[in-house]
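Student: Please take one close look at the shell around the ligand, and set it in the context of the parts that surround it.

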Amino acid sequence: MSEASQGRKVVVVGAGWSGLGATYHLVKQGYDVTLLEAGAYPGGLVAGWKTPGGRSVEAGIHGFWYPYRNIFSLVDELGINPFTDWTRSSQYSPLGLEVESPIFQDLPRLPTPLGTFIYTKFQRLPLVDRLSALPLLYAVVDFDNSDEAWCRYDCVTARELFKQFGVSARLYKEAFEPMLLVGLFAPGEQCSAAATLGMLYYFILAHQPDFDVVWCRGTVGEKIFRPWVERIEKLGGKIYANRRVTDVITENNRATGVVCGEEVFDADAVIFAVGITGMKKIVAGSPSLRNRKEFREVSNLGGIDVLATRLWCDTPQESLRNRKINIPHPSNACFGFDKTTGWTFFDLNALHDEYRDEPLTVIEADFYHANQFLPLSDEEIISIVKGYLKTCIPEFAQANIIDSSVIRLHQAVSHFAPGSYRYLLPAQTSFDNIFMSGDWIVNRHGSWSQEKAYVTGLEAANLVISHFQTGNYANIIPVEADEPHIQTLREINKSVRDIAKLVLPDFWLP
Ligand SMILES: Cc1cc2nc3c(=O)[nH]c(=O)nc-3n(C[C@H](O)[C@H](O)[C@H](O)COP(=O)(O)OP(=O)(O)OC[C@H]3O[C@@H](n4cnc5c(N)ncnc54)[C@H](O)[C@@H]3O)c2cc1C
């Protein structure tokens with residue numbers, strides 16, 4: 001712990017993965033950190049809590065994919081064991097089972113993307129449709145997550161990208177769009193092609209095992225955030241819930257305090273770790289931030305509506321051997337039920353310790369880009385969910401819903417819309433001591449979702465350390481290197497682009 005960092009006051013705003021990541025690293029370095037969270041619990045989009053009836057619920061179930069190296073390393077450091085084994089998954093449409101995925105790391109490793117292509121079991125999708133993805137490999141190689149690559153692809157929609165590269169209509173509708181709905185939470189015409197290529201490469205294409213996933217054996221709040229928050233508090237970090245930040249006090253291009261209703265928290269540095277919707281609200285109410293173009297332009301960004309439901313189902317004993325419904329795989333993604341909504345369902349009896357011996361079937365069903373569902377009553381939503389489940393697994397027809405929870409998340413997840421890249425903020429702002437973090441902040445790590453949020457928290461902590469020149473930098477584990485053939489193809493492609501730049505006029509759109 002550094003002597004010099006003691007007494008330096010850092011205020012972190014927002015207690016999701018990014019805010020907790022920044023706070024944890026800075027308290028370990030001896031900084032005086034105060035974390036302010038608007039909600040009643042830490043965790044942000046991953047928060048979990050108990051219903052008045054004592055049942056555990058959370059704001060949607062969260063998977064941890066094979067490349068989440070920094071989160072896995074954190075969990076090891078905390079000495080906790082929150083995860084299930086690697087799980088298999090399925091995909092359903094209104095016609096029934098469509099796809100089954102193996103545990104890719106258990107199969108002989110092939111150069112990417114062969115393993116994904118060969119080992120995934122499609123029930124209906126013809127080979128000719130699957131082969132139509134091949135030309136897209138050029139875009140995968142060309143998109144190297146650099147600023148230039150984002151500028152080249154960001155204004156194009158994912159749908160246009162797939163059309164331009166000759167992907168068949170069926171492959172788009174039955175494979176790529178479902179992936180977008182669960183990975184970027186929006187249909188293809190509303191996703192940036194740059195975000196699409198980045199997300200697909202990170203979760204599926206970069207290395208054969210990347211699509212393998214584990215889940216928490218309970219809510220992430222209970223299994224990870226509770227012990228993590230305890231560790232932070234033990235190290236002297238102050239975490240205050242129910243504190244909504246409304247403004248920042250600035251002087252000579254520096255933040256000196258953070259305003260939270262009637263309270264003001266003194267600050268030598270500030271890290272924002274709030275989502276897009278939260279940041280838009282702060283900027284709208286903050287004279288100091290809305291004076292700056294970069295913050296005002298955050299108004300051009302948006303969030304996406306998500307719905308998380310949990311159902312406790314009883315089944316008459318005579319209809320089933322035991323009262324539990326047999327669900328072949330614990331995690332399942334579904335498409336084709338609504339035009340622009342994707343959904344997933346999870347067998348919590350298989351995933352959560354708490355429900356392993358429960359006599360009821362416990363199901364989480366989450367809906368992404370769920371705009372049209374949010375105005376419905378809880379009863380109407382649960383009735384739709386039961387109908388959809390019945391389509392995938394007919395035994396749900398006999399289920400009586402004993403209890404349920406419905407959590408509506410308005411504008412909650414980051415929308416990587418076409419053309420949004422130019423408004424996303426980098427970690428370093430135009431203020432000397434205000435830094436940004438969160439899953440929508442521009443960085444070059446290459447990760448997505450929870451892992452990216454955590455990594456940006458560490459990156460913001462490193463900027464604070466660099467600003468004060470005191471403390472040790474957080475060790476951020478890079479994503480696994482590109483496979484050698486991808487590296488070679490990227491180098492060739494870059495050389496061709498560099499030569500083209502020398503000989504061709506700067507005339508066309510990027
Ligand atoms: C249903 C659902 C399913 C998902 N599934 C997965 C998955 O399977 N795997 C995966 O990796 N990711 C998944 N995600 C995405 C993942 O949850 C996010 O990428 C990640 O949690 C973002 O973390 P964050 O720290 O950037 O922001 P957030 O978690 O949004 O945290 C921001 C925090 O800031 C607080 N805040 C906002 N305004 C203020 C204010 N004015 N003052 C103080 N505090 C404020 C908020 O209350 C919140 O706690 C899913 C998201 C949802 C909603």
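**Domains, ligand shell and a helix pair**

Tutor: The C-alpha centres of domain 1 and domain 3 lie 32 Å apart, the domain bounds here coming from an automatic or database assignment. This is a predicted model, in which local features need pLDDT of at least 70 and side-chain atom pairs count only at pLDDT 80 or more, while totals for chains, interfaces and linings use all residues. Residues are numbered from 1 along each chain as its sequence is written.

That assignment gives domain 1 (9-50 + 218-300 + 427-468), domain 2 (63-78 + 85-103 + 304-410) and domain 3 (112-211 + 480-503). Between domain 1 and domain 3, four residues of the one are in contact with four residues of the other (C-beta atoms, placed from the backbone, within 7 Å). On the domain 1 side of that contact there are one nonpolar, two polar and one charged residues (Ala, Val, Leu, Ile, Met, Phe, Trp, Tyr, Cys and Pro count as nonpolar, Asp, Glu, Lys and Arg as charged, and the others, Gly among them, as polar).

Turning to the ligand, domain 1 and domain 2 each give at least three residues to the shell around it. The shell holds 36 residues, of which G14, G16, G44, G60 and G278 come nearest (a residue is near if its C-beta atom, placed from the backbone, lies within 6 Å). By class, the shell around the ligand divides into 18 nonpolar, 14 polar and four charged residues. At least two shell residues come from each of α1 (17-28), α11 (276-285), β15 (303-314), β19 (400-414) and α16 (449-468), with helices (H or I, at least four residues) and strands (E, at least two) taken as DSSP runs numbered from the N terminus.

Two of these helices, α1 and α16, also meet each other: their axes come within 7 Å and cross at roughly 40° (lines fitted to C-alpha atoms over the stretch in contact, with angles from 0 to 180 degrees between N-to-C directions). That angle is why α1 counts as oblique to α16, since angles under 35 degrees are roughly parallel, over 145 roughly antiparallel, 65 to 115 roughly perpendicular and the rest oblique. On the α1 side, the residues making the contact include W17, G21 and H25, and those of α16 include Q450, Y454 and V464. This helix contact has ten nonpolar, seven polar and no charged residues.

Methods:
Contact = placed C-beta atoms within 7 Å.
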